[in-house]
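Subject: Structure for your review, with findings

Dear colleague,

Please find below the structure that I am handing over to you. My findings follow it, grouped by topic.

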Amino acid sequence: MKFTLSWLKDHLETEADVAEIGETLTDLGLEVEGISNPAERLGAFTIGKVISAEKHPDADRLSVCQVATDQGEKQIICGAPNARAGITVVVAHPGTYIPGIDTTIQVGKIRGVESHGMMCSEREMELSDEHDGIIELPSGEVGDRFVDWLAAHDPAKADPVIEIAITPNRQDALGVHGIARDLAARGLGRLKPLEIAPVPGSFESPITVTIDETLKTGGCPHFTGRVIRGVKNGPSPQWLQDRLKAIGLRPISALVDITNFVTYDQNRPLHVFDADIVQGNLRVHPATGGETILALDEKEYTFAPGMMAISDENGAESIAGIMGGAHSGCTEDTVTVFLESAYWDPVTIARTGRALKINSDARYRFERGVDPAHTLPGLEAATRMILDLCGGEASEVVQDGAPVDLSRAYRLDTDHVQSLVGMTIPADEQRRTLESLGFTLSGDMASPPSWRHDVLGAADLVEEVARIASLTKLEAKPMPRMSTGVSRPVLTPLQRREQIARRTAAGLGYNECVTYSFIDARSAALFSGGTDETRLENPISSEMSHMRPAVLPGLLQAAAKNQARGFMDLALFEVGPAFHGGEPQEQHLQLCGLLVGRTGPKDVHGAARPVDLYDAKADAEAILSAIGAPAKAQILRGAREWWHPGRHGMICLGPKKVLAVFGEVHPRVLEAMDVKGPAVGFTIWPEEIPAARNSQSTRPALHLNDLQAVERDYAFVVDADVEAINVANAAAGADKVLIETVRVFDEFVGGALGGDKKSLAITVRMQPTEKTLTEGDIEAVSAKIVEKVGKATGGVLRG
């Protein structure tokens with residue numbers, strides 16, 4: 001939203017300068033995006049007078065001028081054809097920046113003659129495109145600032161332009177009058193009342209308007225208009241053209257410029273039809289679909305069913321609330337117009353504009369919601385401007401429907417400001433603030449004005465009071481302590497565990513990813529998801545149709561995208577929820593890591609190798625250790641189908657207590673997700689890790705055994721399909737107190753054992769805690785080990 005300072009002062013009586021106004025607007029929530037102030041770039045230019053002008057001795061088209069300036073008489077070389085003695089000019093001294101040519105003037109020699117400055121043209125000062133000669137001022141004293149002369153004689157060229165950003169809830173600030181209202185409420189001036197006197201009609205309008213009954217309760221509740229005949233449509237006055245040009249609009253004709261002016265001045269979009277082209281009466285109706293219109297932007301659009309149109313007897317003449325049609329648009333020959341002012345439903349306008357891909361000032365305002373009570377006053381204001389600038393006479397107003405009733409009231413609790421915002425504002429000041437913003441107060445009830453659609457509760461009243469009072473006055477205060485002594489931890493144990501897991505994974509060299517919790521149905525199906533329970537009713541796109549059943553597919557998609565861009569070796573991890581149902585409690589936290597490619601770049605020593613499941617196992621165990629998982633755990637098989645059936649393991653505390661799974665990703669999954677292997681990973685369920693028995697934050701005392709540990713080796717002959725982990729787990733269970741570790745160190749297949757048997761050798765480390773083990777103690781434990789392994793696997797001690 002752009003406007004000039006002089007335009008603002010038409011609505012606000014103030015002595016504040018543009019800098020103070022800009023700071024105040026930002027503080028009010030109307031963020032200033034830029035201020036273009038000619039005084040800043042033209043402040044160094046002064047007025048001078050040419051005393052004499054003689055021909056340059058070595059150039060036919062140059063003149064050597066003696067110029068009276070504020071720094072005395074200066075010699076300036078000039079090539080302008082109108083340089084002559086006696087004229088008043090604009091002078092730039094050496095060191096002055098010339099914006100039009102992006103140059104800083106210095107003392108220089110031109111064909112051997114020194115020049116101490118420059119006499120400027122309008123284009124060199126970015127005042128216009130005129131550059132046929134230097135500026136000749138009709139008045140002015142030598143030494144005066146040129147910008148001061150401009151402000152007094154041609155203020156449009158010295159008028160600062162302010163541009164503000166409009167948030168969707170501040171549609172009232174899309175008009176200069178609304179901006180002035182906020183500034184006046186802050187105390188930066190006095191708001192000038194918007195006095196709009198009704199224009200009496202001198203004849204009955206030959207064009208009437210009707211709204212389809214289906215639209216009166218939604219799409220177009222109120223439509224007003226009138227015919228104005230005998231107008232003369234030519235160029236608009238210079239002041240109006242200057243204002244439109246300043247905010248980036250192109251002056252077209254008086255009639256069109258008036259509607260654009262009222263749009264920006266009062267946030268009231270309008271449209272004028274050439275009444276001599278309109279056939280019969282106008283009708284506002286929903287399109288049946290397929291109708292076409294050539295709009296004012298010279299593009300043809302096709303209506304979809306339900307879009308609103310303004311039509312005469314021959315067809316659509318306007319895309320309602322968005323853009324008029326070229327067929328009935330005004331030209332220089334227009335002498336009779338139908339002026340329209342209506343209220344359009346914001347949702348319908350937004351949907352139509354988005355579907356037709358039209359961006360217009362009318363759509364921008366209507367889809368945010370204009371003041372429904374200003375429909376008829378806006379028509380009257382535009383009528384008066386047309387009569388004043390274009391002449392003619394106006395008919396009586398025709399209308400259909402009625403203004404939308406947005407009346408509502410909320411209780412103003414003046415003590416609520418302190419508790420909600422933390423500011424102390426007197427009750428009288430709060431009431432005065434709301435009244436200055438247009439609110440109506442009755443007792444402790446406040447009714448928002450019709451132009452404030454965004455005020456929808458008592459909290460919004462507090463926000464308005466605090467906004468006008470300035471949130472910069474908030475003082476930082478420490479929150480009161482709820483208890484004495486050492487504060488309790490802010491993070492829950494699970495949150496703390498999640499934080500440690502993140503840091504540990506990053507410390508292991510992984511890069512953290514944050515992927516969407518939504519994936520496509522095909523990827524979800526690879527991980528036993530994609531069911532109706534996890535399908536989204538309103539997905540962002542077809543590639544995000546289901547809640548993810550695991551975190552791993554998101555990492556695989558990220559890996560595929562990185563590989564497509566040439567990054568083949570990856571280490572990624574993510575901590576986030578996965579979903580096994582559609583209810584809030586049907587989700588679980590996962591930490592997932594993925595290794596793809598090689599362990600490092602190629603080198604001459606051949607140290608780099610493809611990643612394998614032992615890399616994933618080591619990293620998973622490191623993270624589990626960091627977050628407090630028990631050191632003793634079993635490695636079992638039986639993970640889900642997206643893991644390689646023979647190259648994975650589950651870290652468990654028992655058959656039903658799975659803490660993590662690691663291994664190679666199934667080749668079928670890698671192919672489906674376009675990931676080039678090898679790829680290994682792990683998934684950890686932090687919620688499954690039992691809480692530590694000792695919750696103290698201090699490190700426990702170090703316990704060292706002073707008794708000699710004993711290691712014994714055992715070789716068992718088992719069936720060829722027996723897994724080594726089963727032998728190790730059985731041996732460890734023989735005496736859970738005495739046996740510290742069990743490690744497989746050898747496997748022998750074939751030979752005298754035959755093809756259906758194999759030999760597995762294990763080392764069992766026994767650590768006594770009370771007394772040194774005797775040979776009898778060791779033999780007793782050995783017997784238990786042999787018995788346990790025999791029962792679990794059918795193995796026998798190898799002779």
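Which residue in β7 does T46 stand opposite? The residue opposite T46 is V91. Please bear in mind throughout that this is a predicted model.

**Strand β4 and its partners**

The T46 bridge belongs to the pairing of strand β4 (residues 46-55) with strand β7 (residues 88-92), which is antiparallel and extends over four bridges. Strand β4 also pairs with strand β5 (residues 63-69), again in the antiparallel sense, over six bridges. In that pairing, A68 of β5 is the residue opposite K49.

**The three-stranded sheet**

An open sheet is formed by three strands in the order β27-β29-β28, with antiparallel pairing. Its edges are β27 (410-411) and β28 (440-442); each has a single partner strand, so one side of each is left without a neighbour in the sheet. Two bridges connect β27 with strand β29 (residues 445-447), and R411 has M445 of β29 as its bridge partner.

**The seven-stranded sheet and the helices across it**

A further open sheet holds seven strands in the order β30-β33-β34-β38-β37-β36-β35, and its pairing is mixed. Here β30 and β35 occupy the edges with a single partner strand each, so one side of each has no neighbour in the sheet. Within this sheet, strand β34 (residues 587-596) runs antiparallel to β38, to which six bridges join it. One of the residues involved is L595, whose bridge partner in β38 is V680.

Two helices lie across these strands. Helix α17 (residues 552-564) lies across β33 (570-579), β34, β36 and β37, and runs at about 30 degrees to β34. Helix α18 (residues 613-626) lies across β34, β35, β36, β37 and β38, at about 25 degrees to β38.

V658 belongs to strand β37 (residues 657-665). Not counting residues up to four places away in sequence, V658 touches M650, I651, C652, W685 and E688. The C-alpha atom of V658 is separated by 9.6 Å from that of I635, and the two residues are 23 residues apart along the chain.

**Helix packing around α14**

Helix α14 (residues 458-469) packs against helix α13 (residues 427-436) at an angle of about 95 degrees, the axes being 9 Å apart. The two helices, α13 and α14, are therefore roughly perpendicular to each other. Their contact is made by Q430, T433 and L434 on the α13 side and by L461, E464, V465 and I468 on the α14 side.

Helix α5 (residues 176-186) also meets α14: the two axes come within 8 Å and cross at roughly 75 degrees. This crossing makes α5 roughly perpendicular to α14. From α5 the contact involves D182, A185 and R186, and from α14 it involves R467, I468 and A469. I468 thus takes part in the contact with α13 and in the contact with α5.

**Aromatic pairs and charges over rings**

There are eight aromatic pairs in the structure. In one of them, the ring centres of Y510 and F682 are 5.9 Å apart and the planes stand at 80 degrees; angles over 60 count as edge-to-face, so this pair is edge-to-face. Y510 lies in the loop between α15 (493-507) and β30 (511-512), whereas F682 is in strand β38 (residues 679-684), so the pair ties together parts that are 172 residues apart in sequence. Y510 counts as buried at 4% relative accessibility, and F682 counts as buried at 0%.

Another pair is that of F527 and W642, with centres 5.2 Å apart and planes at 45 degrees, so it is tilted. This pair also links distant parts of the chain, 115 residues apart: F527 lies in the loop between α16 (521-526) and β32 (546-547), and W642 in the loop between β35 (634-636) and β36 (643-654). F527 and W642 are both buried.

One aromatic cluster is made up of W7, W239 and F261. Two arginines are placed over tyrosine rings: the charged end of R365 sits 4.4 Å from the ring centre of Y264, and R368 lies over the face of Y364 at 3.7 Å from the ring centre.

Yours sincerely

Notes:
Residues numbered from 1 in each chain as written. Predicted model: local features only at pLDDT ≥ 70, side-chain atom pairs only at ≥ 80, totals over all residues. Heavy atoms only, no water. Phe/Tyr/Trp six-rings, centres within 6.5 Å; stacked < 30°, edge-to-face > 60°. Buried < 20%, exposed > 50% of the residue type's maximum accessible area, 1.4 Å probe, protein only. Lys NZ or Arg CZ within 6 Å of the ring centre and 35° of its normal. Contact = heavy atoms within 4.5 Å. Pairing = 2+ DSSP bridges. Axes fitted to C-alpha atoms, helices over the stretch in contact; angles between N-to-C directions. Parallel < 35°, antiparallel > 145°, perpendicular 65-115°, else oblique.
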